[in-house]
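Visitor: Could you walk me through one part of this model, step by step, with the reasoning kept in view?

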Amino acid sequence: MTKNTTKKIMATLFALLIAFLFTSLLSEPPLTFAASGVPANAEGRKLFMQYCATCHGSDARGDGPSARTLKKAPADLTKIEKVDGKFPTVKVQRIISGDDMLESHGSRDMPIWGTVLRRNYGPGFATLQIYNLTRYLESIQQ
Ligand code: HEC
């Protein structure tokens, strides 16, 4: 094999790799739009069902099966208070991760999801999953 052929093969392989990366990005499930006009985040919804619905309910209105066992009722997540008329993305991300403790700095009824997600997905991917959850919540605002 000449040096040139090797170069060509390498270039082809590289192009295939790029094409593959692009198609995997594009093959995300099609976006649907929820009432709020924000695209629904499919991964976020899946995570919500897995981690949050037990307390917040599958429709996120705060009436999941575990809600009764808590001292404090889980929030209705379809009505998150806006800040300056906008969905408070960063605040919600921090509430989910546990960087912002709710109420007092003492105990909180909601688990610290940052720790759980980092354990399950690793630190980088946990941040992405918190983002997905937040986008999902944004999409279901009433
Ligand atoms: C063990 C029950 C429980 C689970 C599971 C749970 N939460 Fe909560 N969550 C609560 C409670 C209770 C509150 C009310 C605030 C408090 O704890 O003082 C709350 C509050 C919140 C708030 C603040 C809402 C507001 O308007 O300020 C957000 C956002 C939230 N939860 C998101 C989530 C997400 C996302 C998940 C899943 C990753 C989740 N919660 C899982 C119990 C839970």
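**A helix pair and a ligand shell**

Guide: In this predicted model, the crossing of α3 and α5 is right-handed.

Visitor: How are α3 and α5 oriented to each other?
Guide: The axes of α3 and of helix α5, which covers residues 123-139, come within 9 Å and cross at roughly 125 degrees. Angles of 65 to 115 degrees count as roughly perpendicular and those over 145 as roughly antiparallel, and α3 and α5 are therefore oblique.

Visitor: Which class of residue, nonpolar, polar or charged, has six members in the contact of α3 with α5?
Guide: From α3, the residues T89, V92, Q93, I96 and S97 meet I130, Y131, L133, T134, L137 and E138 of α5. By class, this contact has one charged residue and four polar ones, while the class with six is nonpolar.

Visitor: Is V90 buried or exposed?
Guide: V90 has its place in helix α3, residues 89-97, and its C-alpha atom is separated by 9.2 Å from that of Y131, 41 residues apart along the chain. A residue with 12 or fewer C-beta neighbours within 10 Å counts as exposed. Because V90 has 11 such neighbours inside 10 Å, V90 counts as exposed.

Visitor: Which helix supplies the largest share of the shell around the ligand?
Guide: The ligand is surrounded by 24 residues, and the closest are C52, C55, A75, D109 and M110. By class, the shell has 16 nonpolar, three polar and five charged residues. Both α2 (42-56) and α3 supply at least two residues each, but the largest share, five residues, comes from α2.

Terms used. Residues are numbered from 1 along each chain as its sequence is written. This is a predicted model: local features need pLDDT of at least 70, side-chain atom pairs count only at pLDDT 80 or more; totals for chains, interfaces and linings use all residues. Helices (H or I, at least four residues) and strands (E, at least two) are DSSP runs, numbered from the N terminus. A residue is buried if 20 or more other C-beta atoms lie within 10 Å of its own, exposed if 12 or fewer, and partly exposed in between; C-beta atoms are placed from the backbone. Axes are lines fitted to C-alpha atoms, for helices over the stretch in contact, and angles run from 0 to 180 degrees between N-to-C directions. Angles under 35 degrees count as roughly parallel, over 145 as roughly antiparallel, 65 to 115 as roughly perpendicular and the rest as oblique. A crossing is left-handed if the near helix is turned anticlockwise from the far one by less than a right angle, and right-handed if clockwise. Two residues are in contact if their C-beta atoms, placed from the backbone, lie within 7 Å. Ala, Val, Leu, Ile, Met, Phe, Trp, Tyr, Cys and Pro count as nonpolar, Asp, Glu, Lys and Arg as charged, and the others, Gly among them, as polar. A residue is near a molecule or strand if its C-beta atom, placed from the backbone, lies within 6 Å of it.
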